[in-house]
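Colleague: Got a minute? I'd like to go through this model with you.

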Amino acid sequence: MTLEVAVKAAAGAPDVLGDCPFCQRVLLTLEGKKVPYKLILINLSDKPKWFLEVNPEGKVPVVKFDDKWVSDSDVIVGILEEKFPEPALVTPSEFSSVGSKVFGAFVTFLKSKDPSDGSEQALLAELKALDEHLKAHGPYVAGEKVTAVDLALAPKLYHLDVALGHFKKWTVPADLTHLHKYKESLFSLESFQKTKAEEKYVIAGWEPKVNP
Ligand SMILES: N[C@@H](CCC(=O)N[C@@H](CS)C(=O)NCC(=O)O)C(=O)O
């Protein structure tokens with residue numbers, strides 16, 4: 001059974017896989033479970049009528065399960081885990097919210113035009129907490145094995161690296177060594193390479209949000 005998966009097309013390149021971290025999380029889960037899937041690229045600047053009919057909120061990703069389109073990466077990943085339990089990717093509940101504030105802190109800092117508003121420090125605090133968690137429990141969030149929380153975090157950390165590098169010439173401090181190793185391991189996964197957006201599309205995706 002091949003699942004149909006609607007994901008974001010690249011900004012300005014509707015035939016190329018785009019830069020949505022929630023879409024990549026779903027693709028990484030499908031790859032991790034070796035579920036065959038067919039990509040449907042959605043141009044978010046010109047959403048097709050069928051897509052808005054089955055998914056009036058108009059957000060990607062959406063996946064078709066038993067003839068019904070389902071939205072939201074949390075819900076989709078939950079269904080994938082139920083339908084395709086092997087290999088299990090569930091994160092033990094005590095670790096499931098590790099790193100959950102990193103993306104919000106990154107976006108606030110990325111959009112900030114005021115260097116003294118504390119947004120850089122807030123991001124640094126979240127990254128430091130993640131680094132300390134990895135030091136205590138790593139190499140991945142729940143230990144030796146990649147689990148769902150890593151697959152959710154990896155695309156977000158990739159966006160963080162690419163967008164902050166480009167727009168703010170900012171990089172994750174070198175002394176967060178566990179976090180650096182974690183990113184390197186995740187970014188070098190074959191499934192990550194296969195499902196990631198090219199850097200230029202990540203930058204193009206953030207451009208209107210950074211310079212509205
Ligand atoms: N909570 C949703 C968020 C999905 C989301 O925000 N997707 C963005 C793209 S990254 C989107 O479709 N935005 C609609 C638009 O830009 O029109 C999930 O986890 O799937």
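Colleague: Which residues are buried in helix α7?

Modeller: This is a predicted model, to begin with. In α7, which spans residues 177–187, the buried residues are Leu179, Tyr182 and Leu186.

Colleague: Where do they sit around the axis of α7?

Modeller: They cover an arc of only 60° around the axis, so they lie on the same side of α7. The general reason is that an α-helix has 3.6 residues a turn, so residues three or four places apart point the same way.

Colleague: And what covers them?

Modeller: The cover includes α5 (119–137), α6 (148–168) and α8 (190–195).

Colleague: Which exposed residues are on the face turned away?

Modeller: Thr177 and Glu184 are the exposed residues carried by that face of α7.

Colleague: Let's zoom out. How many helices and strands are there in the protein?

Modeller: The protein has 9 helices and 5 strands. Along the sequence, their pattern is β-β-α-β-α-β-β-α-α-α-α-α-α-α. The radius of gyration is 17 Å, close to the 17 Å that the globule rule gives for 212 residues, so the protein is as compact as a globular protein of that length.

Colleague: What share of the residues count as buried?

Modeller: Of the 212 residues, 33% do.

Colleague: What does UniProt list for residues 10–88?

Modeller: An unreviewed UniProt entry lists them as "domain: GST N-terminal". Over that stretch the chain is 37% helix and 25% strand.

Colleague: New topic, the ligand. Which residues surround the ligand?

Modeller: Among them are Lys8, Cys20, Phe22, Leu44, Val60, Pro61 and Asp72. By class, the shell has 5 nonpolar, 2 polar and 4 charged residues.

Colleague: Asp72 has an odd backbone, I think. What is its phi?

Modeller: Asp72 has a positive phi of about 80°, although it is not a glycine. Asp72 is in the loop between β5 and α3. With 15 C-beta neighbours inside 10 Å, it counts as partly exposed.

Colleague: And Asp66, what is its phi?

Modeller: Asp66 has a positive phi too, about 45°, and is not a glycine either. Its loop runs between β4 (62–65) and β5 (68–71). Asp66 counts as exposed because it has 8 C-beta neighbours inside 10 Å.

Colleague: Last one. Which residues does a cis peptide bond join?

Modeller: One such bond joins Glu86 and Pro87, with omega about -10°. Pro87 is in the loop between α3 (73–83) and α4 (102–111). Another joins Gly138 and Pro139, with omega about 15°. Pro139 lies in the loop between α5 and α6.

Methods: Residues are numbered from 1 along each chain as its sequence is written. This is a predicted model: local features need pLDDT of at least 70, side-chain atom pairs count only at pLDDT 80 or more; totals for chains, interfaces and linings use all residues. Helices (H or I, at least four residues) and strands (E, at least two) are DSSP runs, numbered from the N terminus. The radius of gyration is taken over C-alpha atoms; the globule rule is 2.2 Å times the number of residues to the power 0.38. A residue is buried if 20 or more other C-beta atoms lie within 10 Å of its own, exposed if 12 or fewer, and partly exposed in between; C-beta atoms are placed from the backbone. UniProt positions are given in the numbering used here, feature names are shortened, and annotations may be inferred rather than shown by experiment. A residue is near a molecule or strand if its C-beta atom, placed from the backbone, lies within 6 Å of it. Ala, Val, Leu, Ile, Met, Phe, Trp, Tyr, Cys and Pro count as nonpolar, Asp, Glu, Lys and Arg as charged, and the others, Gly among them, as polar. The arc is that of the directions from the helix axis to the C-beta atoms. Two residues are in contact if their C-beta atoms, placed from the backbone, lie within 7 Å.
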